[in-house]
Amino acid sequence: MLNIVLFGPPGAGKGTQSERLIEKYGLVHLSTGDLLRAEIAARTELGIRAAHKMDRGELVPDEIVIGMIRSKLRLNPESKGFIFDGFPRTVAQAQALDALLLEFDTSISVMLALEVEEEELVERLLHRGAVSGRADDQDVSIIENRIHVYNTKTAPIIEYYAAQGKHIEIPGSGQIEAIFSRLAAAVDSLCEVE
Ligand code: AMP
């Protein structure tokens, strides 16, 4: 199986690049942000709990997102692999993901980490907010909090995967197609090794 953690700060282009990677490699896309927004739209209890955190740019509790990922993995036993987008976001989530994948007799193949300057992230998110209407992309202080949360709680995951020899840095600025080529080259070089 090919299991990719597509990593990066908010606005790094994870969603956009995931779409292309899924198409090229036939993977199942698991975005915890999308799953949470679907829960909010369906007005579930879980969605209501999560919305309080998301509105502030805070992380929702680990057990909520881990539970969502567990059920999606169970629903896709025949998959060629998964792209994890926006998950894991804490070291505890990364550890839980390793344990979960072990239950399915598989593991993370690689972490592809998109690198983008902070100024560009804020610009991209504000643009996305204006186009999509997503509330957490429209307010500079919420965006800054999300980047702060990324730097303090999420970035330490890089070390977690680096220690396993699975971290690959990918420059995330420039044309979407050029960034995709870099990601695909990293995945292809991995497949050659296997
Ligand atoms: P995203 O669409 O990935 O930018 O996520 C939007 C928001 O959903 C984040 O700001 C968090 O509040 C929440 N969220 C998404 N994924 C996670 C996760 N893995 N852990 C905790 N909170 C998450």
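## Strand 4

Strand 4, residues 110-115, is mostly covered, with five of its six residues buried. The model described here is predicted.

Strand 4 has pairing partners in strand 1 and in strand 5. With strand 1 it pairs in the parallel sense, over four bridges. With strand 5 (residues 167-171) strand 4 also runs parallel, and five bridges join these two strands. M111 takes part in both pairings: M111 is the bridge partner of V5, and M111 stands opposite H167 in strand 5.

## The sheet

These strands belong to an open sheet of five strands, paired in parallel and ordered 2-3-1-4-5. Strand 2 (28-31) and strand 5 stand at the edges; each has a single partner strand, so one side of each is left without a neighbour in the sheet. From one strand to the next, the twist averages 20 degrees.

## Helix 5

Helix 5 covers residues 91-103, which makes 13 residues. At 1.5 Å a residue the helix should span 18 Å, and because its end C-alpha atoms are 19 Å apart, the expected and computed spans agree.

Which residues of helix 5 are buried? They are Q93, A94, A96, L97, D98, L100 and L101. What covers these buried residues includes two strands of the sheet, strand 1 (2-7) and strand 3 (81-85). Two helices are also among the covering elements, namely helix 4 (62-75) and helix 8 (157-162). Strand 1 thus appears in two settings: it helps to cover helix 5, and it pairs with strand 4.

After helix 5 comes D105, whose phi is positive, near 60 degrees.

## A185 in helix 9

A185 is found in helix 9, which comprises residues 176-193. Is A185 buried or exposed? Its relative accessibility is 45%, and buried means under 20% while exposed means over 50%. A185 therefore counts as partly exposed.

A185 and D139 are 46 residues apart in sequence. In space, the C-alpha atoms of A185 and D139 are 36 Å apart.

Conventions
Residues are numbered from 1 along each chain as its sequence is written. This is a predicted model: local features need pLDDT of at least 70, side-chain atom pairs count only at pLDDT 80 or more; totals for chains, interfaces and linings use all residues. Side-chain values use heavy atoms; hydrogens and water are left out. Buried means under 20% relative accessible area, exposed over 50%, partly exposed in between (1.4 Å probe, protein chains only). The expected span of a helix is 1.5 Å times one less than its number of residues. Contact means heavy atoms within 4.5 Å. Two strands pair if DSSP finds at least two bridges between them. Axes are lines fitted to C-alpha atoms, for helices over the stretch in contact, and angles run from 0 to 180 degrees between N-to-C directions.
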